[in-house]
Amino acid sequence: MKESGITKRGESGNPSVEENDGLIERLIPQLFTSVPVLNEAASYVAQTTSYFTSCFSDSSVDPDLRELRNSALHKEELVTLSSREPTEMPSRTSGKKNSSSTQLIISEPPEAAIETPPVPTEVSRTTVEEPSGRSGGLQLSKNTGQNGMSIFQGLIDRALRTVRGSADDIGWLQSASGMPSVEDRTERFVEILEDIRHGIHRLPNSVVYLLVPGLFSNHGPLYFVDTKTKFSKMGLVCHIAKIHSEASVEKNAREIKDYVEEIYWGSGKRVLILGHSKGGVDAAAALSLYWSDLREKVAGLVLAQSPYGGSPIASDILREGQLGDYVNVRKLMEILICKVIKGDMQALEDLTYERRKKFLMQHHMPAELPVVSFHTEASISPAVLATLSRVAHAELPAPLSTAQAAKLPVVIPLGAAMAACAQLLQIRYREKSDGLVTCRDAEVPGSTVVRPKRKLDHAWMVYSSLNGDTSEADAAQVCEALLTLLVEVGQKKRHQLTNKDE
């Protein structure tokens with residue numbers, strides 16, 4: 001007679017081969033249980049195998065079959081390394097029901113497959129008690145595979161979002177329904193620019209000219225200075241808006257409104273505004289938000305290289321759910337803008353496609369306002385990538401022998417940086433740009449568009465007057481030509497409105 005958990009050797013005094021095999025198989029689980037290092041290693045291997053199996057499971061399998069298979073695998077993992085109980089079975093020979101020798105087999109009691117409550121959030125190792133009192137089984141959380149798959153899928157989603165970037169947003173204004181078409185007046189602009197270079201100036205002195213600089217202009221002391229100086233020599237009243245360029249669009253819009261009203265009430269003249277880069281966006285926002293107050297005070301607006309529809313550079317940096325979140329790119333930009341430059345992070349956020357779409361859908365540009373859009377394409381030739389741009393000069397103390405102070409040029413690779421960004425946008429999105437703003441995003445719907453063939457980067461408006469190259473028009477002459485074209489566009493629009501009213 002046999003009892004559960006007891007192995008009989010039989011009547012023979014010497015152990016048989018079968019008995020030796022059963023003894024070895026009985027000792028292996030005890031060895032894993034008694035040696036913690038081996039038990040830890042076995043636990044790690046079991047968990048790793050289950051994790052990868054769940055992550056790369058075939059999603060095409062029928063759900064009912066997959067559930068049945070997962071249930072069987074779970075039960076099999078549950079009893080890994082559990083102790084086994086040997087039992088005896090009489091060996092059968094021909095013509096005899098019993099034999100003096102016995103044959104050993106290994107059987108697992110059904111109680112070993114008892115499941116313990118699953119851990120909902122993490123992989124855990126728990127022991128399963130058996131009737132024999134020994135432990136050593138492993139249990140894996142049911143959510144291990146789900147968590148692993150969600151992490152893997154999240155990584156894939158971030159990678160796809162990073163690779164896609166702003167491809168679906170660039171030029172969205174041109175495809176948006178209900179947006180008016182633009183009018184190309186590049187040829188007329190070129191004619192006006194040639195006249196200016198030959199000394200023919202047509203800007204009227206019956207208006208006041210307001211120049212609005214772009215982002216980070218507080219750190220460029222010569223921004224628009226040369227343009228204002230040349231306008232003053234022609235007898236024109238010109239002002240540079242002293243705004244905090246690193247502030248938000250709506251904050252600067254309020255300050256520009258105050259500037260315009262102060263100029264109008266002080267001079268009695270209407271104002272023509274030219275905004276460069278973010279300055280054009282700020283000025284456009286002021287006219288959209290406060291048009292009822294500025295209708296009789298503003299004669300027109302020029303947006304020069306302005307990301308009216310948004311900027312892919314700003315969007316790609318600040319877009320959430322990208323691989324850049326792992327290195328916290330947004331936090332680095334906050335440190336740069338808020339701590340180093342002492343600006344507002346919202347200034348950059350307002351130039352993203354998401355913010356521009358939301359703002360423009362709520363605040364439209366006044367239809368009766370004359371608007372000129374000017375955008376350029378940066379050169380990406382190897383020669384430009386190796387150039388240095390003169391952005392300022394430092395005055396040294398004058399020696400005793402001469403009364404004139406010496407000027408030391410300050411150069412940085414600004415043009416090279418713009419060329420590198422333009423090349424990046426060209427390769428990634430196949431879009432022409434000035435390095436920061438794509439050509440399609442700089443065109444205001446319903447405006448008069450200027451698309452020069454000359455290669456000019458985004459920062460050219462800042463440093464061109466310091467180059468001393470007289471073979472090409474400088475920033476002051478380009479600004480004058482743009483404002484002259486704006487005057488003509490305004491006269492034409494007023495004539496059309498008059499005929500329409502009649």
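**A tour of the salt bridges and two cysteines**

Begin at glutamate 472, which is partly exposed, with 40% relative accessible area. The model you are viewing is predicted. Now add arginine 454, which forms a salt bridge with glutamate 472, 3.9 Å from N to O. Arginine 454 lies in the loop between β11 and α17, glutamate 472 in the loop between α17 and α18, and 18 residues separate them. Arginine 454 is partly exposed too, at 28%.

Next, select helix α18, residues 475–501. Pick lysine 492 in this helix. Which residue does lysine 492 meet in a salt bridge? The partner is glutamate 183, at 3.5 Å from N to O. Glutamate 183 sits in strand β3, residues 183–184, and the two are 309 residues apart. Lysine 492 is partly exposed at 38%, and glutamate 183 at 35%.

Stay on α18 and select glutamate 488. Its salt-bridge partner is arginine 188, with the closest N and O atoms 2.7 Å apart. Arginine 188 belongs to helix α6, residues 186–197, and lies 300 residues from glutamate 488. Both are partly exposed: arginine 188 at 22%, glutamate 488 at 22%.

Now select Asp169, Asp316, Arg319, Lys357 and Arg428 together: salt bridges link them in a network. The count for the structure is 22 salt bridges.

Last stop: the cysteines. How many disulfides does the whole structure hold? Zero. Select cysteine 238 and find its nearest cysteine sulfur, that of cysteine 479, 8.9 Å away. Cysteine 238 is buried, at 6% relative accessibility. Cysteine 479 is buried as well, at 0%.

Notes: Residues numbered from 1 in each chain as written. Predicted model: local features only at pLDDT ≥ 70, side-chain atom pairs only at ≥ 80, totals over all residues. Heavy atoms only, no water. Disulfide = S-S within 2.5 Å. Buried < 20%, exposed > 50% of the residue type's maximum accessible area, 1.4 Å probe, protein only. Salt bridge = Lys/Arg side-chain N within 4 Å of Asp/Glu carboxyl O. Helix = DSSP H or I, 4+ residues; strand = E, 2+ residues; numbered from the N terminus.
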